[in-house]
Amino acid sequence: MSIIDIKNSVRNIPDYPKPGIQFKDITTAMRQPEIFKEIIDLLAAHFRERKIDYVVGIDARGFIFGGALAYKLGCGFVPVRKPGKLPADTIAEEYALEYGTDKLEIHKDALKAGDRVVIVDDLVAVGGTAGAAGNLVQKLGATIDSFAFVIELTELGGREKLQNTAEVYSLVRF
């Protein structure tokens with residue numbers, strides 16, 4: 001397995017969710033055990049020597065990769081969810097979308113000062129969702145070690161938006 005195998009396993013869906021968008025469907029990579037394992041192994045190898053306390057996974061595919069990465073690193077997992085999905089007291093962060101806004105939430109007691117985290121999602125495009133998750137982590141006093149993504153859409157500038165906060169690590173770039 002290689003980065004090329006991972007990249008080739010991602011399906012492109014034209015005009016989804018709207019005309020002109022070339023959607024990168026990672027579910028085709030996830031359903032292949034050897035590809036999924038390689039993704040997690042490569043992410044874990046990158047972060048293994050760092051002192052990571054928690055992997056923060058972004059709703060929803062960030063849960064899949066983040067949960068597996070937390071297991072592999074032997075650290076905790078913290079979900080960042082869409083509004084109304086977490087049962088205890090939360091804090092929220094609103095962020096801009098192409099048309100309108102959205103919001104993410106995290107439990108108020110999920111992290112504390114001194115915790116080092118990696119924020120994980122399947123894909124970074126413009127960086128709005130990951131940036132909002134990063135703001136939530138920082139509001140709780142934790143430190144962002146890195147942002148980690150399986151896929152990076154380079155032309156949309158997400159890396160540039162996030163790298164002022166922490167390292168940005170991606171496995172494959174389109």
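**Exercise 1. Find how much surface the protein chain exposes, and what share carbon and sulfur atoms supply.**

The protein chain exposes about 8,700 Å², using the Shrake-Rupley method with a 1.4 Å probe. Carbon and sulfur atoms supply 50% of that area. Keep in mind that this is a predicted model, where local features need pLDDT of at least 70, side-chain atom pairs count only at pLDDT 80 or more, and totals for chains, interfaces and linings use all residues. Residues are numbered from 1 along each chain as its sequence is written, and side-chain values use heavy atoms, leaving out hydrogens and water.

**Exercise 2. Work out whether the radius of gyration agrees with a compact globule.**

Start with the rule: 2.2 Å times the number of residues to the power 0.38, with the radius taken over C-alpha atoms. For 174 residues, a compact globule would come out near 16 Å. The protein chain has 15 Å, so the two agree. As for extent, the C-alpha trace spans about 40 × 40 × 30 Å along its principal axes.

**Exercise 3. Place E155 in the fold and decide: buried or exposed?**

First, look along the chain: E155 sits in the loop between strand 8 (143-152) and helix 6 (158-162). Helices (H or I, at least four residues) and strands (E, at least two) are DSSP runs, numbered from the N terminus.

Next, check the cover. Buried means under 20% relative accessible area, exposed over 50%, and partly exposed in between (1.4 Å probe, protein chains only). E155 has 80% relative accessibility, so E155 counts as exposed.

Last, pick a partner for distance: E38 lies 117 residues from E155 in sequence and 25 Å away in space, C-alpha to C-alpha.
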